Amino acid sequence: MRRHIGVRDSKQIDAFISYSRAADSRLAPSIQRGLTRLAKKWYRIRALNVFRDQTDLSASHALGASIEEALTDARFFVLLASPAAAESKWVRREIEFWQRNKASATFIIALTDGTIRWDDEAGDFDWSITDALPRNLSGYFEAEPLWQDLTWSRDADRLSLRHSGFRDAVAALAAPVHGSSKRELDNEEVKAHRILTLIGVLATAMIVILTLAFGAQYWLAAVAKDQADENARDATVMSAIRRAQDELANASTGYDVSAYQWLGAARSLASRPSTEGAVYNAALAAAYSRPNLLRVTEPEPGLSEGLAAMTADGMRIAFERKGQPVLWSPHTGRASGPALESRATKDSKLLALAFNRDGSRLAAAYSTAIVLWDMRTGRRINEFAKDANTTESVAISPDGRTVAVAGGGLRLWDTSSGRPIGKPVTATGSWVVFASDSRKLAFDSLNNGGSEVRVRNVEPDDADEVALPYPHNQISSIAFAPDGRALAVGTDDGRLRLWNPDSGKPAGRIMSGHQGAIKAITFGADGSRMATAGDDKTIRQWDTATGAEFGFPLTGHAGPVDFIAFSRSGRELVSLGEDATLRRWDAMSGLRRTRLGTSAPVALAADPRGKNVAVGGPDGVRLWNQETGAQGATLHLPRDVGVESLSYSPDGTSLLIVSADGLRVWDGTTARAVTLAPSTGPVSSAVFMPHGKQIVVGSYAGKLLFQDLDAHAVGTTSASIDIACPPAHLTVSQDGMRLAYVCDGKGGIADAKARRVRTFSLEQRVTTAVFSPDGRTLLLGSLDGTVWRRKDDLNTFVAVGVHRGAVRSVAYSPDGNWFASAGDDGSVIIYPHGSKLISARISAHTGPVAAIAFSRDSGHLVSLGTTDNAAHIWHIFPDPLGELCKRVTYNMSESAWKDWVSDRISYQDQCAGKPRAERSREEQ
């Protein structure tokens with residue numbers, strides 16, 4: 001059936017323009033305007049919906065979600081061919097996406113520069129002459145395609161529909177998109193002109209009528225103004241979203257606070273479902289870009305421009321202001337705590353600051369004096385003279401009795417009397433730290449082109465030293481373990497190592513990961529974990545026993561990170577960077593990574609009690625603690641048997657294991673082979689039913705068998721259904737009243753209430769299936785990367801998501817609010833229940849994702865990677881915009897709103913209850 005010109009879904013993109021910004025930055029907008037205006041119906045805003053990307057993708061390594069969504073929604077692809085476009089990697093990637101998903105008949109070429117020549121004999125372009133097309137178009141067209149020559153149109157005065165040649169070229173490009181010939185299109189344009197002329201006559205008459213009916217005219221004007229205002233708000237919302245996405249695209253920019261404010265501004269202005277959905281999706285993606293980040297606190301302007309010190313638990317900061325320390329609260333972002341009593345020494349420069357271990361004392365090293373304060377009262381405890389040697393750092397012993405200064409030699413003083421302890425130690429280093437017992441300290445010193453860390457007792461009579469050699473590196477940080485039995489040393493090349501401070505021998509392997517100097521080291525309270533911060537703007541966690549890195553690097557700071565601390569509970573990390581932001585991170589559950597130690601894991605099941613995660617692979621099954629990531633029990637299987645699928649019993653006490661040699665039930669201690677009737681034959685799949693000890697078994701004989709298991713795993717058949725195919729996948733609703741099975745491209749739903757089986761089929765092979773908790777929605781994943789959804793009230797499946805590769809797993813959260821999919825492209829996509837829009841696409845693993853599962857509380861999602869051999873635990877953000885508001889200290893300033901959001905729309909708070917910043921980041 002012929003498509004009528006101008007009649008189409010207003011949400012659909014008719015044409016996607018791909019071009020080189022370097023070559024056709026003037027021509028591409030003109031072609032877009034021409035396509036939207038030519039043959040436009042008088043009652044429509046535009047003749048065609050045309051997408052032209054205006055962003056700079058150079059900072060990204062892949063097409064953005066908005067580009068892929070536009071390509072997916074577009075009906076035609078218009079390539080502005082030129083040598084520059086042929087060389088553009090972004091044009092090539094857009095073409096590759098189109099080739100994978102669309103037919104060549106929807107591909108239109110407009111030559112703007114260079115040469116295109118077709119070789120009839122080869123049935124392809126003559127690539128020895130053609131230089132305006134990328135080589136990945138080779139073999140895409142079955143016959144010579146038509147293309148429009150626009151090489152003459154580069155003069156600015158020709159880029160208008162008033163120019164006959166340009167108008168003719170645009171008509172040739174628009175005709176296939178409209179589904180008509182160029183001649184029909186011209187006729188439509190003539191008709192439109194006549195209609196507009198008639199409208200002009202009628203409008204003249206209408207003016208007379210409206211003059212007599214001023215009230216009606218005023219009402220229509222108000223409606224039009226409201227519509228214009230709403231359109232302007234929509235445009236502002238989308239602009240704010242794009243700016244936030246641009247600032248979050250590069251993890252090292254540090255402008256995530258601004259991005260969160262932009263998204264908050266977009267939410268405050270969004271008034272239509274389309275823009276509200278766009279804000280929601282962008283906010284969820286922003287939350288997942290830094291899933292561990294809890295809060296970013298920005299000190300008031302001018303407070304963080306000098307020296308600083310942080311307590312060991314990150315609960316208090318001391319900043320320098322005009323030579324005097326000022327206490328600051330990370331929670332409020334403002335000066336807090338007692339005002340410190342003024343020092344007696346004047347005209348002496350502040351050189352270093354340090355808290356003692358419990359944060360009860362603060363020491364300040366000036367050029368001629370050392371000052372000590374009590375943090376409870378703010379009173380000056382002592383102030384005594386100091387030598388004039390260079391000062392790089394200062395430290396107070398945990399018991400508060402000794403202060404040490406490094407730089408120009410190591411010097412010690414008694415804090416009560418102010419008297420030196422022993423003689424200065426010759427050492428040309430920058431760092432000094434005390435052990436937790438206050439009896440031992442460590443400091444660094446340059447040594448013959450390299451450096452060393454020296455450990456000695458505080459008492460001057462016990463001058464024995466242990467030297468830790470670093471002949472080829474400079475020391476950049478030092479920290480004692482909480483029990484004093486280990487000393488961590490970081491170097492300027494990003495390496496970290498534990499040493500025995502008594503023997504001087506290494507206590508573990510060298511740990512590496514930072515790209516640059518390690519600026520700070522801290523230990524968890526029990527000493528089992530370390531965290532490091534570096535010049536590379538990242539924070540990393542380490543297992544002190546194995547030296548393995550824990551989780552992923554934490555990114556977000558825009559400059560080197562100078563301070564790092566675990567909270568008292570150990571569940572959070574606090575960091576202070578040279579970008580003048582203090583950040584709190586979830587150190588435990590926001591995002592975890594567990595190395596599995598098994599080869600090519602393929603199956604995953606979450607314990608309904610919320611305790612363990614079961615992972616199956618070729619060599620057996622292992623249990624892992626969901627909270628800590630610690631490995632539990634292991635069930636070894638013969639190598640040629642392997643695991644095909646896993647299913648927990650409703651009470652979580654038994655795990656059903658499907659393998660090549662049959663079924664097993666494992667309680668974490670004992671595994672029993674499931675005994676079935678000989679007539680059952682080989683088993684293709686099996687899952688626990690949601691009540692008792694009943695399982696449903698799919699057999700290669702084409703039957704579904706309901707088996708009641710006794711204490712010895714012997715099954716008794718209670719019911720059976722003939723389905724005439726071997727089911728590869730089974731899924732059961734929570735109430736047990738619905739069972740879905742899948743055999744390659746077909747399957748069925750067995751409904752116990754209706755006492756019938758409804759069959760279905762898909763063109764693509766089905767790779768995974770799951771029911772929603774209420775049993776009303778069935779999700780399928782297919783080999784072509786599509787996620788399909790079927791509801792009770794629909795007789796067909798609707799595509800709701802796309803992976804770039806086969807879908808390997810789909811899962812529903814127990815509360816029914818979320819579902820997720822995972823595929824061979826290494827991504828996990830999380831969707832809100834009932835939405836057709838993708839909420840968040842997470843680059844979860846470096847290779848295919850074999851399986852996913854939600855936690856019992858629906859608060860986390862576990863993903864299983866086959867190539868990186870790891871299980872990742874992701875936090876679920878039910879209110880992503882609320883999550884982003886928790887992370888910021890201030891709403892944007894009113895001047896920033898006017899400059900960057902809108903000077904016509906009145907200011908809106910982005911986050912309720914947050915104060916407004918006095919100045920924007922750009923103004924500071």
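These questions and answers walk through a predicted model of one protein chain.

Me: How many helices and strands does the secondary structure of the chain come to?
Reply: The chain has 924 residues, and buried ones make up 54% of them. Among contacts between residues at least 6 apart in sequence, 49% join residues at least 24 apart. The secondary structure comes to twelve helices and 61 strands.

Me: Which residues touch the most other members of the largest nonpolar core?
Reply: This core holds 61 residues. Its largest share, eight residues, comes from helix α9 (residues 256-269). The residues that touch the most other members are L573 and I830.

Me: How many residues are in the other core, the one with A39 and V170 among them?
Reply: This core lies apart from the core of 61 residues in which L573 and I830 touch the most other members. Among its members are A39, V78, I108 and V170. Its size is 27 residues.

Me: Where on α3 do the buried residues lie, on the same side or on opposite sides?
Reply: In helix α3 (residues 65-73), I67, E68, A70 and L71 are buried. They cover an arc of only 160° around the axis. An α-helix has 3.6 residues a turn, so residues three or four places apart point the same way. The arc puts the buried residues of α3 on the same side.

Me: What covers the buried residues of α3?
Reply: The buried residues in question are I67, E68, A70 and L71. Their cover includes both strands and a helix: β1 (13-18), β2 (50-52), β3 (74-81) and α5 (89-101).

Me: S18 is in strand β1; is S18 buried or exposed?
Reply: S18 touches F77, V78, L79, L80, V91 and E94, not counting residues up to four places away in sequence. The relative accessible area of S18 is 1%. The cut-off for burial is under 20%, so S18 is buried.

Me: With which side chain does the side chain of S18 make a polar contact?
Reply: S18 and R92 are 74 residues apart along the chain, yet their C-alpha atoms are separated by 9.3 Å. V91 and E94 are among the residues that S18 touches. The polar contact, at 2.6 Å, is with the side chain of E94.

Me: How many residues apart are R804 and E68, the pair that links distant parts of the chain?
Reply: Their side chains meet in a salt bridge (2.9 Å, N to O). R804 lies in the loop between β54 (798-802) and β55 (807-812), and E68 lies in helix α3. R804 is partly exposed at 40% relative accessibility, whereas E68 is buried at 13%. Along the chain, R804 and E68 are 736 residues apart.

Me: Which residue forms a salt bridge with D502?
Reply: D502 is in the loop between β25 (495-499) and β26 (511-512), and its partner is in strand β20 (residues 440-447), 62 residues apart. D502 is exposed, with a relative accessible area of 52%. The partner counts as buried at 16%. The closest N and O atoms are 2.4 Å apart, and the partner is K440.

Me: Which strands hold E465 and R454?
Reply: The side chains of E465 and R454 meet in a salt bridge (3.0 Å, N to O). E465 is partly exposed at 33% relative accessible area, and R454 is buried at 12%. The pair ties together parts that are eleven residues apart in sequence. E465 lies in β22 (residues 465-470) and R454 in β21 (residues 450-457).

Me: How many salt bridges does the count come to?
Reply: The pair R804 and E68 forms one, and D502 and K440 form another. D256, R290 and R583 are linked in a network of salt bridges. The count comes to 29.

Me: What is the bridge partner of I478 in β24?
Reply: Strand β23 (residues 475-480) is mostly covered, with six of its six residues buried. β23 pairs with β24 (residues 487-491) in the antiparallel sense over five bridges. In β24, the partner of I478 is V489.

Me: Which residue in the turn of the hairpin of β23 and β24 has a positive phi?
Reply: β23 and β24 pair in the antiparallel sense. Six residues lie between them in the hairpin. The positive phi, about 75°, belongs to G484.

Conventions
Residues are numbered from 1 along each chain as its sequence is written. This is a predicted model: local features need pLDDT of at least 70, side-chain atom pairs count only at pLDDT 80 or more; totals for chains, interfaces and linings use all residues. Side-chain values use heavy atoms; hydrogens and water are left out. Buried means under 20% relative accessible area, exposed over 50%, partly exposed in between (1.4 Å probe, protein chains only). Helices (H or I, at least four residues) and strands (E, at least two) are DSSP runs, numbered from the N terminus. The arc is that of the directions from the helix axis to the C-beta atoms. Contact means heavy atoms within 4.5 Å. A nonpolar core is a set of buried Ala, Val, Leu, Ile, Met, Phe, Trp, Tyr and Cys residues joined through side-chain atoms within 4.5 Å. Two strands pair if DSSP finds at least two bridges between them. A polar contact is a pair of N or O atoms within 3.5 Å; within protein, one must be able to donate a hydrogen and the other to accept it, and residues adjacent in sequence count only if both atoms are side-chain atoms. A salt bridge is a side-chain nitrogen of Lys or Arg within 4 Å of a carboxyl oxygen of Asp or Glu.
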